[in-house]
Amino acid sequence: MAIGIFGLPRTGKTSIFNAVSRGHAETSSFRTSGGQPNIGVAKVPDIRLDKLAEISKPKKLTPAEVEYIDIPTSPDAMAKGIGGEFLNVLQRCESLIMVCRSFENAAVPHVEDTIDPYRDAESLEMELMFSDLALLERREHRIGTQLRSAKVSERDALAKEKIIIGKIREQLEAEVPVREQDLPAEARPLLENFQLLSGKPLMIVFNIDEDAVDRTAEIEAEMAAKLDKPHVSTVALSGKLEMELAGMDPAEEAEFRESLGVGEPSLDRMIRVSYDLLGLISFLTTGPDETRAWTIRKGISAVDAAGKIHSDIQRGFIRAEIVSYEDLISTGSIAEARKQGTFRTEGKTYIMQDGDVVNFLFNV
Ligand SMILES: Nc1nc2c(ncn2[C@@H]2O[C@H](COP(=O)(O)OP(=O)(O)OP(=O)(O)O)[C@@H](O)[C@H]2O)c(=O)[nH]1
Ligand SMILES: [Mg+2]
């Protein structure tokens with residue numbers, strides 16, 4: 001489960017990737033290096049872990065992680081469009097981050113003559129839709145061929161698929177991205193299969209000037225007003241500045257943030273929104289050894305969540321003792337929560353909620 005970072009050439013994709021993953025991938029100021037996608041993980045900031053650690057005083061604190069893939073643009077310095085070479089990488093990503101350049105920098109040429117992130121966001125959205133249309137056309141063509149030699153039993157499914165493809169195409173042609181489309185329930189398995197780009201949850205990131213960071217809230221408010229749509233979120237940050245800050249040691253970083261008046265919110269929020277876009281939530285475990293956030297998909301049962309920790313716990317699952325983070329914090333200690341009966345007992349089929357603090361009882 002990864003989130004793919006894409007955009008026009010030299011818009012700061014790798015800078016932002018380095019900032020979130022605290023990495024050191026090479027950035028390029030003039031020519032795009034071509035190269036391979038960069039893969040890295042970000043630790044998901046979670047204040048709940050710090051609060052739980054105050055209660056349990058663990059030796060170790062382990063946050064959840066999100067995986068990012070920074071997708072390079074074509075080595076042709078002025079190329080536009082979503083590169084054919086890495087299209088399959090984008091398709092395999094669960095959700096996407098679109099980086100739009102909003103910073104001025106005379107040393108870094110832009111594919112358009114002017115800086116206009118709203119224009120770029122719109123044209124990249126069109127690119128996603130073009131790519132989907134091309135894929136659907138190829139599939140339709142193949143269905144045509146398959147129908148000629150198909151057995152009677154297979155015809156029905158192919159014919160239905162063709163109808164659904166028609167519905168998706170029609171809306172794409174009217175410039176409605178798949179994530180906003182009105183589609184019948186039986187389209188769902190097909191959509192899983194097609195991995196259409198405009199159907200993936202999307203975060204639009206404006207890479208703003210380092211001089212504009214004190215206007216972040218204002219820029220984000222405008223973005224939200226203009227770009228807000230279903231399954232789309234928006235964030236503004238300065239990739240270059242955030243990358244430099246991420247490269248410092250924590251004390252130095254804190255001092256710089258303070259002196260520049262850049263709080264942490266944008267980068268933190270970007271990571272948390274990424275986690276959300278992937279449909280992920282955390283359950284928490286806490287004790288004297290470790291306080292930890294465990295990543296699961298929304299809708300997962302207690303017994304499957306137990307398997308995230310260890311297959312033995314899943315196999316020998318007896319029950320789970322669960323307290324919500326809020327309830328635990330308001331009682332102040334685990335012992336007190338037990339005394340007051342705040343811990344609930346849940347069975348295998350309980351659907352885990354974000355922020356559940358869990359103790360699994362098992363038998364092997
Ligand atoms: N002034 C300024 N420059 C930036 C900012 N973000 C990136 N840059 C510069 O823009 C250039 C391109 O940045 P990259 O992060 O390599 O951009 P990219 O989108 O990964 O580029 P390609 O992968 O080559 O398409 C570098 O010289 C960066 O230092 C920013 O917020 N402000
Ligand atoms: Mg790059």
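Trainee: In this predicted model, which residue forms a salt bridge with Glu 242?

Mentor: The closest N and O atoms of the pair are 2.9 Å apart. The pair links distant parts of the chain, with Glu 242 in helix α8 (residues 239-246) and its partner in helix α9 (residues 250-260). Both residues are buried. The partner of Glu 242 is Arg 257.

Trainee: Which residues are linked with Glu 242 and Arg 257 in a network of salt bridges?

Mentor: A search of the whole structure finds 27 salt bridges. Glu 242 and Arg 257 belong to a network of them. The other residues linked in that network are Arg 22 and Glu 253.

Trainee: Is Lys 160 buried or exposed?

Mentor: Lys 160 meets Asp 156 in a salt bridge (3.9 Å, N to O). Both residues lie in helix α5 (residues 152-173), four residues apart, about one turn of the helix. Because its relative accessibility is 52%, and the exposed class begins over 50%, Lys 160 counts as exposed.

Trainee: Which salt bridge joins domain 1 (2-117 + 199-277) and domain 3 (299-362)?

Mentor: The contact takes five residues from domain 1 and nine residues from domain 3. Domain 1 and domain 3 bury about 580 Å² between them, 73% of it on carbon and sulfur atoms. In domain 1, Arg 48, Leu 52 and Ile 55 lose the most area to domain 3. Across this interface the rule finds one salt bridge, and the pair is Arg 48 and Asp 354.

Key
Residues numbered from 1 in each chain as written. Chains lettered and ligands numbered in written order. Predicted model: local features only at pLDDT ≥ 70, side-chain atom pairs only at ≥ 80, totals over all residues. Heavy atoms only, no water. Contact = heavy atoms within 4.5 Å. Buried area = accessible area lost by both parts, 1.4 Å probe. Salt bridge = Lys/Arg side-chain N within 4 Å of Asp/Glu carboxyl O. Helix = DSSP H or I, 4+ residues; strand = E, 2+ residues; numbered from the N terminus. Buried < 20%, exposed > 50% of the residue type's maximum accessible area, 1.4 Å probe, protein only.
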